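Reader: I should like to learn how to read an enclosed space and the packing of helices in a model of this kind. May we go through them in turn?

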Amino acid sequence: MLSASYLDGHTSHLFTVQLSRVDEQLLIHGEGWERQVPLAACALEPILGNLPARVNLPDGAVLECPAAQALAELLGQGQQPLAQLEARWRYSVLAVLGIVLAAVLLYWQGMPLAAHLAAKLTPVKLESMLGEATLASLPKLGITLQPSQLPPARQQALLQRWQAQTQASHFPYQLHFYDLPNVGANAFALPGGQVVVTDQLATLLSDDEIIAVLLHEMGHVERQHGLRNVYQAAGLGLIAAVVLGDAPSAVSNVAAMAALVVQLGYTRQFEREADEFAAQRLRAQGKSPAVLADALEKLVGSQPAHTEVPELLATHPATAERLRTLRQP
Amino acid sequence: MDEQMQSNRWAIQFHGQGGEYFRIWIVNLLLSVLTLGIYSAWAKVRRLKYFYGNTELAGSRFDYTAQPVKILIGRLIAFAFFALYAVGSNLHPLLGGLFGLLFLLVLPWMIVRSIRFNLRQTRYRNVPFDFHGTVWGAVKNYLLLPLLLIPSLGLALPYVQHQQFRFVVDHASFGDQRFSQLGSAVGGYYRAALAGLGVMLVVGLGFAFTVGATIFGAGVNLSELNKSNPALLIAAILPLVIGYIVMLVGFSVVAAAVRLAQANFGWRQTALGAVSFDSQASPWAYGRMMAWRLPLVVLTFGLALPWLKVAQSRMRLNGMSLHAPEGLNQFNAVVQNAGSAVGAEATDLFDVDLAI
């Protein structure tokens, strides 16, 4: 005989009952009443920690029994894989290791792969709309796009060489020259083929060097780095939301800082990829990737008061490492 | 009679154990990660079943009966909405604004739905709770009332929180009986908030002092920092980062203690038919517990979170008791006719798990 609470589902009245088994029937003994339910109709809820067992009867009544294991045996419903996983510390240790492994794999392989796939599936039209919208929103971020002071002849010459490079691509490339004193000597690419060169960069570098830098930017566009970045950030956010679902706000804040560092890691990978793309193109055209290295060196030299931050925190991989790779014969 | 009727007073007891919950939580987490978040709906049900099931009142446990699939559908809808919002706002600022407006319009409806869903899935002695709040009520309490914060420079916050608590309690029911508020707890809400504000000021001043000491005391010249080597840079910034984290943790601890004190005041004014509630959990003890457990959670990369969650529930719930002159046997489940039961199923589709 097993003691249990019988809750009929109509009132909050608690009936203390005794349970026993007769053949394939569960016998419920109340005070002055009795009820039989076929064992097959007794739905035992999965065992959870030390909680009393809960059995749902067909008419909505519930049995609550503190002796969970004994009731499971009485009903002949043993074998609960989830409860067994949750019962032992050694499985917890394995689970922690599994989570760390899954997180590392997700970070190195899964997330980049998923973002890559999502970027490939995104229509080029949408991607270039995204790039145009970003370009249009730059003034709101405090970057005023002032018209270029470069001689039109030089702009034209660069534009022609650039078109020769990009005409085979399915991205609708657009090259913009702007005078951006706040940004300094720089070039950047937006999703879908919007590429911006600052006057400051054009005055610093030769035409050959500018083309090398533009090929690096083309690498960002062709490999869809901007879009992949958006997807990866969204994916990280989603996973953080799932994992930190019930974490206090202080923990979430600290995690957000960590996510920023993690995000930087992806950016460094993208710079390497863009370098590789440019080097490949240059070699194919019979030129040396060292041109890009020269351009990089001039760019770095032009930055005011420059700090070598440790590699983990740097967006661009340590420049020395990039230069070495590009100058390899 | 099957209950200890002599005193008519029952204390709530929480039986959860940190280690036991850790083992459940870590399996939940592993399966959620492996299934890319899909399992998280099942994990939520298992987590709530653990906490509700470990809450004992007069010899019976609470239960959470939601179907994980419904929670999953709700989460997918929410995810789709935010994905559309993210893409839309990147394409055109107007689209982003439009989505924001749409969200504001849908928000009160979602608040009512999610409170109702979660209460309907909560059972005690196999009798469900329910919620009767209207969308207009949610508009008033969650959209319009918070506007008071602007002209009052935030001073209306305890009042707004109190009204939101009342909105939930006043429209909740257990079986065929409604919850009600005996009197206003708004004074208690203000006292708790003011005490918390005082403690937060002390914590904030502590941080300001750390910043000052780092910059002036150590004689660090910020413009010099750029040129120095990374090790020095980190050494100079580290006290600031640690000070900042201590401040964040401090604020979270104080905010949690204030919420507990406010909940105490709220529950003491709450009644359910002839049943009245009492809540005497100590905000100081709660704050002390949080003050050492929360940093532990940060330091262990979240692994200590289950112990924190269990300790929170234990302190909150063990402080609660009920006075029931007529006992707890007389609540009747509301008989739903077939038609409305089907309707309830269909409208329960949207469980958006808002953290309210």
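**Cavity and helix packing**

Author: Let us begin with the cavity, bearing in mind that this is a predicted model. The largest cavity has a lining of 14 residues, and those nearest its centre are Glu45(A), Pro46(A), Leu51(A), Pro52(A) and Arg54(A).

Reader: Which elements give two or more residues to the lining of the largest cavity?

Author: They are strand 6 (53–56) of chain A, along with helix 2 (40–53) and strand 4 (60–64) of chain B. Strand 4 of chain B contributes the most, namely three residues.

Reader: How many residues of each class are in the lining of the largest cavity?

Author: The lining has seven nonpolar, six charged and one polar. The space in this largest cavity is about 160 Å³.

Reader: How is the packing of two helices to be read, and at what angle do the axes of helix 5 and helix 7 of chain A cross?

Author: One looks at the angle between the axes, where values from 65 to 115 degrees count as roughly perpendicular, those under 35 as roughly parallel, those over 145 as roughly antiparallel, and the rest as oblique. In chain A, helix 5 (residues 152–166) and helix 7 (residues 207–222) have axes that cross at roughly 45 degrees and come within 11 Å. Helix 5 of chain A is therefore oblique to helix 7 of chain A. The crossing of these two helices is right-handed.

Reader: Which residues of helix 5 and helix 7 of chain A meet?

Author: Helix 5 of chain A brings residues including Leu158(A), Arg161(A) and Trp162(A), and helix 7 of chain A brings residues including Ile211(A), Leu214(A) and Met218(A). By class, this contact has seven nonpolar, two polar and four charged residues.

Reader: Why are helix 7 and helix 10 of chain A described as roughly perpendicular?

Author: The angle between helix 7 of chain A and helix 10 (residues 290–302) of chain A is about 95 degrees, and their axes lie 8 Å apart. Because 65 to 115 degrees counts as roughly perpendicular, the pair is given that description. Among the residues in contact are Ala212(A) and His216(A) of helix 7 of chain A, and Leu292(A) and Lys298(A) of helix 10 of chain A.

Reader: How are helix 10 and helix 11 of chain B set, parallel or antiparallel?

Author: Helix 10 (residues 283–299) and helix 11 (residues 305–318) of chain B pack at about 170 degrees, with axes 9 Å apart. They are therefore roughly antiparallel. Their contact includes Tyr286(B) and Met290(B) of helix 10 of chain B, with Trp307(B) and Met315(B) of helix 11 of chain B. The residues of this contact comprise 11 nonpolar, one polar and two charged.

How values were computed
Residues numbered from 1 in each chain as written. Chains lettered and ligands numbered in written order. Predicted model: local features only at pLDDT ≥ 70, side-chain atom pairs only at ≥ 80, totals over all residues. Heavy atoms only, no water. 1 Å grid on protein atoms, 1.4 Å probe; cavity = no way out; pocket = protein on both sides within 12 Å on 5 of 7 lines; lining within 4 Å. Points joined across faces, edges and corners; volume = space filled by probe spheres on them. Helix = DSSP H or I, 4+ residues; strand = E, 2+ residues; numbered from the N terminus. Nonpolar A, V, L, I, M, F, W, Y, C, P; charged D, E, K, R; others polar. Axes fitted to C-alpha atoms, helices over the stretch in contact; angles between N-to-C directions. Left-handed = near helix turned anticlockwise from the far one by under 90°. Contact = heavy atoms within 4.5 Å.
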